[in-house]
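Here are a few short exercises to work through with the coordinates open. Try each one before you read its solution.

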Amino acid sequence: ATMAATHESLALLAAVRGLDINCGEVSDVEVEELRAALRDAKDSLANPLCYPAKKLEDRAVVKRGTVTVRGREVRLGALDIDNALMLSETFDLNEIVAVELLVASVERGSPPEDCLTHAAGMFLRERQHLLESLCRLLRAVSTPEEWAPVDQRAKQAVDSFVAEILRGGQGQGQGQGSGYGLNNPETQTLVGRLVEVLASPFPGQVTAQQARVSPLAYVVQTPGGAMGTPGGTSLVPVAGAPAEGDPDPAQCAAALEFVTDERGRPCLKQDWLAHERKLLAEALFHAVQCGWRVGGDDDETKTKIVSPTDATNLVKLLADVAAPALAVAAADVRARAAALESGSSNGGANATGAAHVTALGARVGAADALGELAVAAADELPAAIAILFAVATAMTPDETGDDSDTSKSNTAKKAIATNAAAVLEQAIKHAEDKHRRARDGDDADAAVAAAARNPLRSAALGGGFGGLMFRGNQERSASDDAATEIAGMTVSVLEFCRFCKGLAVLGTGDGDDERNQSAKQEIVAASDAGALTALRCVLSTGTFRDDADTNRLVYLNTAHRALRCAMAAALRDPDLGEALAAVAPAMTLDQIQREERHLVATENSPNNGGFDSYGNPVPVEGRDQRTGYPGNETNYTYGYGAEGTDDPHASEGERLLAMRHEEDATREAPLVSMCKALGELYRQLPLLAERDVRVVGGGGSNPTQDGTGTARAFLDAICEWEHSVSSLAAMLELLGAISGSGEAGKQDAFSRLQTPPPGSAVAWDHFLSAVSGYNRRFAYGDDDENDDPRFVKNKNGGYNDPRGFRDGPTRLGSGSHSRQTAVLDREMPEDDVTGMIAYLDVLTCVLSDGAGAGRGDGRGHDSRRGTDALFQSRVAWLEQRSGCDLLDQLLRLHANPVPATLKAQLLRCVHAIAVTDAGSANEVWGLLEQQAVLQSNDLPGGGGVAQRRAEG
């Protein structure tokens, strides 16, 4: 490796930036300059951030005060020697190279007595220039449609150069070891070298940390530079006191906390190093993505781009370095979303000392603590995101087809997934164990031991879930709940990696039934464990949204490819499709074990029926279902609790069932997480939704060989499936995201609800009947179904209930709500509120313009003549279908005692309808005055507000 800030590196940067400046044909001189710059910088780019290490003999030369720099002798004073040693200690840099940096800094105008921070800034600037050049060259190959040079000679020069450094083999420098067991530097690939650098601490961080601890102690070094943390890969003996004449490491860190940039401005060194880590991770992502384009004609050559050792270390890098930062940020996003949803109902408070706080309440209460931790991890998050998608792109297969290159790349990705399987499984197991300990606290080990000794006592304890279910016995702070959330999200982040691994194995279609069956089980298990929830939360972080478009787009396309592969697999395989279409979370291993122990403890008891395999109570003959007292029907009183007590968990069976419900309230069903993740992708990149809903050739939506139509077929399927409340809301949220992609998306979403297949779970008819039904219910009360002629028996034996969204006793909003007490007779159930808000959100998106702003110009002139006919036709169809004026129905519902969240969504929808023209706006204004929502006082000039608005 060469020294920093040389003429060659500046020439490389100029040549690489010229690829963006020269958009057309370049001259022969420019092509030769590019080739020369690449040739001169080959060692530096093939061995990123690999600089000469410290040597005792070079340190002795510097201390003597006379050093030869570029063929000339340089005499050093006492201050120069101290500055050179400080640079060497701070950046783990060779002492002679540190002197060269000081000399170069003085030659470029820095004062000799104050050149330390300028030399440090020059060194960091050189590192950044090399990484920027490397990223730009890798992008030209990984995404040629966007970044490849226009000139074919320049493109060929870049392609051949990138292919050569990807295969590696020129490394001579001494990098910072990370304990990852990497290949020989002579044959190591570029991916392996980037993983090694990312797994190493920042320059000088180990020495600075060692200076803060006792000279006789040992500290644990973990990848990424965290010191003193259990679980590291190697023990590093702490050095003693500095030798005579050597600077104190702590003093060096303080002196170089700030460095000076090329304009003389002070900059935080930590910020510079964090940006450098981000560039390294981006280079890793593009290097992995390049492998499928430059691999050659055979699978073996493609595999060499990401060798078996590289695959193992890449997953280990994700687990050790990236997953902790990703888990903190994703857990913060999820907790704040939960607080936003539940704030209106419970205030979002986690009351300390309460007798019982739900698991969802604990998540909401930990939002502030998670926010503080997310701020602390903000510097590490950009690099962690790039590492996550590097792993995803290494394993996610391309859409299936007959193309030989696609088949070969999928085979190579399957090999990568297979090589990384053991490390991934070990990382997930370790994360699950950590989550269990964080969740159960001090009861974790005791509960496991109690379960083995006494199943009856274990059932009473609930399997050790004492932290949340028995808060009176074990107080937990918000920081404890935050640690539990982070530990759980760590598992979900790693499960996303397993999700992609299963797709890689399944995507080859090699006919190995046993291996394919195992891959399906991995996909389902990862989805149940929150893999897609973690993906959505990572995409929702502010760091991801604020990233440069060049990075964000490739990450979104990678996530989209993974989801499309999952959808295609679900459509091809009925068993996998049924598992991924589950509308309720599957039972976890802890839940199954708790209920098995409970069944063992109660199987000989004549007074207890226990639970079935789905966790539902098994009735016992001789007692009434509802009261539990003797009668002609069955009894749902379980366990060992006494009858007649006021404790809602008087019996252990009820306690376990309540515990499962609480745990499931914090989890998402596979179909819910799939729809929400896809909706987040469509919101951030509407072009994906526009492409997915496009009908090719005017035909149907059957998946084709290149993947076109997969999303349409998936949407057709989920519209027909049965839904729970959460999956219904998630599916409607997905349709809302599709409608936000443009007029084609609006038409697709509206038509799906307008003419659904027979028996469809979602339709405008369900929404319109719910609106009119609740307006009637709030106005006249709840009449008997047999006296209401509008309750018409349908073909399925159920009744079309105008108060709800769906038909039959299993549909949301059915007549079962009306069988509650008289106090609740005119209240809207929470499930129906959720469904109504979801429908209104889709309707608002369909009727509003793409920007969400008004369509009129405020003077009665419509600025959307091109789509005015579609808007009018949609409103007319809805009114014809319901037999009522749509605005009147929505505002009547707004005037009723419905939750504030529903009132807000109703007003948003009214706004989308009202801004068509001034006439509609005046009509809405008048209706709002009639409902006493708005009160218009007379103006001084006479006439009401509505009259003045009508006059323009």
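**Exercise 1: a buried arginine**

The side chain of Arg752 reaches the side chain of Asp716 in a polar contact of 2.4 Å. Keep in mind that this is a predicted model.

Task: work out where Arg752 sits, whether it is buried or exposed, and what it touches.

Solution:
- Start with the backbone: Arg752 belongs to helix α36, residues 743-754.
- Next, check accessibility. Arg752 has 9% relative accessibility, and the cut-off for buried is under 20%, so Arg752 counts as buried.
- Now list the neighbours, skipping residues up to four places away in sequence: Arg712, Leu715, Asp716, Cys719 and Leu735. Asp716 is the partner in the polar contact too.

**Exercise 2: classify two ring pairs**

Task: of the 12 aromatic pairs in the structure, take Phe544 with Tyr555 and Trp764 with Tyr839. What geometry does each pair have?

Solution:
- A pair of aromatic rings is described by the distance of the centres and the angle of the planes.
- For Phe544 and Tyr555, the centres are 6.3 Å apart and the planes meet at 35°, so call this pair tilted.
- Place that pair on the chain: Phe544 is in helix α27 (residues 542-545) and Tyr555 in helix α28 (residues 549-572), 11 residues apart.
- Both rings are tucked away: Phe544 is buried at 1% relative accessibility, and Tyr555 is buried at 2%.
- For Trp764 and Tyr839, the centres are 6.4 Å apart with planes at 50°, so this pair is tilted as well.
- Trp764 is in helix α37 (residues 764-780) and Tyr839 in helix α38 (residues 830-847), so the pair ties together parts 75 residues apart in sequence.
- Accessibility is 0% for Trp764, which counts as buried, and 0% for Tyr839, also buried.

**Exercise 3: from pair to cluster to core**

Task: which aromatic cluster holds Trp764, and which residues have the most contacts inside the largest nonpolar core?

Solution:
- Trp764 and Tyr839 share one aromatic cluster with Phe750, Phe767 and Trp877.
- Look over the face of Phe750 and you'll find Arg874, 5.8 Å from the ring centre. For another case of this kind, the charged end of Arg277 sits over the ring of Phe202, 4.3 Å from its centre.
- The largest nonpolar core has 226 residues, and those with the most contacts inside it are Leu87, Leu284, Leu326, Trp764, Phe767 and Met836.
- Helix α15 (residues 308-346) is the biggest contributor to this core, giving 17 residues.

Technical notes:
Residues are numbered from 1 along each chain as its sequence is written. This is a predicted model: local features need pLDDT of at least 70, side-chain atom pairs count only at pLDDT 80 or more; totals for chains, interfaces and linings use all residues. Side-chain values use heavy atoms; hydrogens and water are left out. A nonpolar core is a set of buried Ala, Val, Leu, Ile, Met, Phe, Trp, Tyr and Cys residues joined through side-chain atoms within 4.5 Å. Buried means under 20% relative accessible area, exposed over 50%, partly exposed in between (1.4 Å probe, protein chains only). Helices (H or I, at least four residues) and strands (E, at least two) are DSSP runs, numbered from the N terminus. Rings of Phe, Tyr and Trp (its six-membered ring) pair if their centres lie within 6.5 Å; planes under 30 degrees apart count as stacked, over 60 as edge-to-face and the rest as tilted. A charge sits over a ring if NZ of Lys or CZ of Arg is within 6 Å of the ring centre and within 35 degrees of the ring normal. A polar contact is a pair of N or O atoms within 3.5 Å; within protein, one must be able to donate a hydrogen and the other to accept it, and residues adjacent in sequence count only if both atoms are side-chain atoms. Contact means heavy atoms within 4.5 Å.
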